[in-house]
Amino acid sequence: MSGVRLARIIDAPAIAALEVETWRTAYAGILSDEVLVGMSSVGRVGFWADQLDRSTRGVWVWEDNSGSILGFGQCGRQFDRTLPFDGEIAMLYVHPDAQDCGIGRQILLALLATLLTSECPSALAWVLRANPARFFFERMGARLFVERQIAVVGQLVDAQGYGWDDVSVVLEQWVRSGDSSAAP
């Protein structure tokens with residue numbers, strides 16, 4: 001059955017390949033061609049294997065009926081303690097051919113539920129300003145909180161931080177909507 005589930009260490013190659021593919025699509029014209037062409041899913045497998053070996057708690061994937069991973073996300077505690085948010089959505093990527101089908105929403109809701117159960121009642125997600133996917137977070141009830149430049153693979157880019165002051169409000173909204181696909 002297709003849907004969202006916690007990642008497993010065996011998912012590292014699929015997550016790495018999806019990460020590279022989505023970066024090349026989403027960040028074309030935003031990040032340098034040198035950076036995007038230089039990315040390697042083989043190089044990212046080690047990173048993801050290490051992440052998943054330490055803990056799969058904050059990593060969710062969306063798997064279709066054939067077992068293909070079409071999206072993934074990662075969350076955890078907020079790294080920048082100067083910001084008034086407890087948790088952070090560190091990554092959320094959906095295969096370019098599978099966008100606008102509800103996959104990102106299902107992953108995001110699983111990430112927010114994970115943060116809430118990890119005593120992170122508020123959350124922030126960073127998005128590159130030139131990436132039109134940033135509007136997804138607004139549709140999911142986040143508000144633009146901060147804009148700043150951040151380093152991405154050694155390149156400074158304009159980013160926007162979208163925050164939820166209370167992630168339980170977002171989760172309750174989807175439960176009330178009767179959308180059974182929203183529950184992780």
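This short talk looks at helix α3 and at Arg129 in a predicted model.

Hi everyone, let's start with α3. The helix runs over residues 41-54, which makes 14 residues. From its first C-alpha to its last it reaches 20 Å, close to the 20 Å expected at 1.5 Å a residue.

At the N-terminal end, Ser40 acts as the cap. One of its side-chain oxygens lies 3.1 Å from the backbone nitrogen of Val42.

Now, which residues of α3 are buried? They are Trp48, Gln51 and Leu52. If you look down the axis of α3, the buried residues fall within an arc of 90 degrees, so they line one face of the helix. And what does that face meet? The buried residues of α3 pack against the helix α1 (12-26) and against β2 (59-63), β3 (69-77) and β4 (87-94). Turn to the other side of α3 and you'll find Val42, Gly43, Asp53 and Arg54, which are exposed. So Val42 turns up twice here: its backbone nitrogen is the partner of the Ser40 cap, and the residue is exposed.

My second stop is Arg129. You can find this residue in the loop between β5 (123-128) and α5 (134-139). Its relative accessible area is 41%, so with the limits for partly exposed set at 20% and 50%, Arg129 counts as partly exposed.

Which residues does Arg129 contact, leaving aside its neighbours within four places in sequence? Those are Arg134, Glu147, Asp158, Ala159 and Gln160. As for Gly161, it sits 32 residues from Arg129 along the chain, and their C-alpha atoms are separated by 9.2 Å.

That's my tour, thanks for listening!

Terms used: Residues are numbered from 1 along each chain as its sequence is written. This is a predicted model: local features need pLDDT of at least 70, side-chain atom pairs count only at pLDDT 80 or more; totals for chains, interfaces and linings use all residues. Side-chain values use heavy atoms; hydrogens and water are left out. Helices (H or I, at least four residues) and strands (E, at least two) are DSSP runs, numbered from the N terminus. The expected span of a helix is 1.5 Å times one less than its number of residues. Buried means under 20% relative accessible area, exposed over 50%, partly exposed in between (1.4 Å probe, protein chains only). The arc is that of the directions from the helix axis to the C-beta atoms. Contact means heavy atoms within 4.5 Å. A polar contact is a pair of N or O atoms within 3.5 Å; within protein, one must be able to donate a hydrogen and the other to accept it, and residues adjacent in sequence count only if both atoms are side-chain atoms.
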